[in-house]
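Trainee: I am new to this structure and would like a close look at a single part. Could you take one helix and explain carefully what surrounds it?

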Amino acid sequence: TRPSRATSCGRPWYAPDAAADRHEQATLTSVAAVLPRRVYLAIGLLETDNARRYNSLFVFGPDGRIVARHRKMLLHSFDERSGTAVAEPNAQVVDVEGFRCGLSICADANSRWLMAQYRAKAIDALIYSVTSHVPPTVRWLKYWPMSRRFGGWVLAANRYGQEDGESYPGTAFVAGPNYRGN
């Protein structure tokens with residue numbers, strides 16, 4: 001797959017697309033490759049593969065190559081309106097400097113199937129791309145209750161900006177597997 005121009009929150013970004021040219025693919029790969037040694041980059045993108053569009057989370061390794069990808073399985077109505085396809089069940093684990101990391105996008109993190117897969121695979125952390133407001137549960141409890149169910153740390157980042165009348169806060173959080181809040 002190759003990156004193509006798209007927009008998110010009114011700003012251009014790149015998504016793998018078989019119709020894009022090699023220059024755009026080289027641009028995205030080059031951006032990941034110039035990162036400092038031992039840095040991994042996780043990016044949520046729309047991906048087109050065999051004429052199907054997926055909401056995907058890619059992890060680029062220190063050499064700029066894709067080392068893992070998760071395709072979203074549990075779609076919201078806005079995913080469906082944009083033509084996003086439901087992905088087959090997938091639970092990728094990638095080694096990041098000795099840490100076993102699972103991947104998830106938005107509602108997939110609520111999947112009991114995915115939680116069970118990652119617990120069985122003994123992940124150390126979940127890399128979690130969020131596209132929503134901060135859940136009221138987090139505000140009230142002061143922690144994310146799902147981290148215990150995954151049995152690992154949760155590293156989450158939310159998108160930022162406005163689109164279709166929705167505001168996205170750009171928040172990020174790290175939740176430990178045993179953290180219960182204050």
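Mentor:

**Helix 3 and its surroundings**

Helix 3 (residues 112-120) lies across strand 6, strand 7 and strand 8, and runs at about 175 degrees to strand 7; such angles go from 0 to 180 degrees between N-to-C directions, with axes fitted as lines to C-alpha atoms, for helices over the stretch in contact. Helices (H or I, at least four residues) and strands (E, at least two) are DSSP runs numbered from the N terminus. This is a predicted model, in which local features need pLDDT of at least 70 and side-chain atom pairs count only at pLDDT 80 or more, while totals for chains, interfaces and linings use all residues. Residues are numbered from 1 along each chain as its sequence is written, and side-chain values use heavy atoms, with hydrogens and water left out.

Which residues of helix 3 are buried? Leu114, Met115 and Tyr118 are buried in helix 3, where buried means under 20% relative accessible area, exposed over 50%, and partly exposed in between, with a 1.4 Å probe and protein chains only. Because these residues cover an arc of only 100 degrees around the axis, they sit on the same side of helix 3; the arc is that of the directions from the helix axis to the C-beta atoms. On the other side of helix 3, Arg112 and Ala120 are exposed.

The buried residues of helix 3 pack against strand 5 (66-71), strand 6, strand 7, strand 8 and helix 5 (146-150), a contact being heavy atoms within 4.5 Å.

The two ends of the helix can be described as well. At the start of helix 3, a side-chain oxygen of Ser111 reaches to within 3.3 Å of the backbone nitrogen of Trp113. Helix 3 is followed by Ala122, whose phi is positive, near 50 degrees.

The strands that helix 3 lies across, strand 6, strand 7 and strand 8, belong to an open sheet of 5 strands with the order 6-7-8-9-12 and mixed pairing. Its edge strands are strand 6 (93-96) and strand 12 (172-175), each of which pairs on one side only, and two strands pair if DSSP finds at least two bridges between them. From one strand to the next, the twist averages 25 degrees. Within this sheet, strand 7 (residues 99-105) and strand 8 (residues 125-130) pair in the parallel sense over 5 bridges, and Ser104 has Tyr128 in strand 8 as its bridge partner.

For the wider setting, the protein chain has 5 helices and 12 strands, and buried residues make up 40% of its 182 residues.

Conventions
Polar contact = N/O pair within 3.5 Å; in protein donor to acceptor, adjacent residues only side chain to side chain.
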